[in-house]
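Please open the model in a viewer and keep the selection tool at hand. The tour below proceeds by selections, each followed by a description of what is found there.

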Amino acid sequence: MTNLPLAVVFGIKTAEQVRTVNLFSDSAVVGSALVDQIKANLDDSGQPTTELCDNVIEFVQGLASGTARTRSRHEPGIYRLFAVEVRQ
């Protein structure tokens with residue numbers, strides 16, 4: 001075991017998954033699921049739709065709701081959700 005912060009990086013797509021991984025880690029890192037949300041809100045020419053920002057914010061808020069009832073291993077009461085871009 002380590003005292004260093006521990007992050008779960010792969011496969012995080014739902015608030016329930018965030019809740020689960022935060023039981024044994026310090027962070028849930030969301031990458032591809034966020035990129036998928038952005039891709040889903042592009043038109044046929046690759047331009048953002050008018051709904052892109054609202055839909056991505058709603059998705060991230062949904063993920064963040066998974067932090068409300070879990071505790072970090074090292075900092076009880078501190079909840080973290082990180083979103084990162086995965087470049088393909």
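Two strands are said to pair if DSSP finds at least two bridges between them. The model toured here is a predicted one.

**First selection: the paired strands**

Select residues 7-8, which form strand E1, together with strand E2; the two pair in the parallel sense over 2 bridges. Within this pairing, valine 8 has alanine 28 of E2 as its bridge partner. Now restrict the selection to residues 27-30, the extent of strand E2. Are the faces of this strand covered or open? Both are covered: Ser27 and Val29 are buried on one side, and Ala28 and Val30 are buried on the other.

**Second selection: the helix that joins them**

Add residues 15-21, helix H1, to the two strands. Together, E1, H1 and E2 make a right-handed β-α-β unit.

**Third selection: a salt bridge in helix H1**

Within helix H1, select glutamate 16 and arginine 19, which forms a salt bridge with this glutamate. The closest N and O atoms of the pair are 3.2 Å apart. Both residues belong to H1 and stand 3 residues apart, about one turn of the helix. A search of the whole structure finds 1 salt bridge.

Which class of exposure does each partner have? Buried means under 20% relative accessible area, so arginine 19, at 17%, counts as buried. Exposed means over 50%, with partly exposed in between, so glutamate 16, at 46%, is partly exposed.

Keep glutamate 16 selected and add glycine 66. These two residues are 50 residues apart in sequence, yet their C-alpha atoms are 5.9 Å apart in space.

**Fourth selection: a loop residue**

Move to asparagine 41, in the loop between helix H2 (32-40) and helix H3 (52-64). Asparagine 41 has a relative accessible area of 7% and is therefore buried. Which residues does it contact, leaving aside its neighbours within four places in sequence? They are Gln47, Pro48, Thr49, Glu51, Leu52 and Asn55.

**Final selection: confidence along the chain**

Colour the chain by pLDDT. The mean for the protein chain is 78, and 75% of its residues reach 70 or more. Among the elements of the chain, H2 has the highest mean pLDDT, 93, whereas strand E3 (residues 81-83) has the lowest, 47. Finish by selecting residues 76-88, over which pLDDT stays under 50. For this stretch the model has 35 contacts beyond four places in sequence.

Key
Residues are numbered from 1 along each chain as its sequence is written. This is a predicted model: local features need pLDDT of at least 70, side-chain atom pairs count only at pLDDT 80 or more; totals for chains, interfaces and linings use all residues. Side-chain values use heavy atoms; hydrogens and water are left out. Buried means under 20% relative accessible area, exposed over 50%, partly exposed in between (1.4 Å probe, protein chains only). Helices (H or I, at least four residues) and strands (E, at least two) are DSSP runs, numbered from the N terminus. A crossover is right-handed if, with the strands pointing away from the viewer, the path from the first strand over the helix to the second runs clockwise. Contact means heavy atoms within 4.5 Å. A salt bridge is a side-chain nitrogen of Lys or Arg within 4 Å of a carboxyl oxygen of Asp or Glu. pLDDT is the predictor's confidence in each residue, from 0 to 100.
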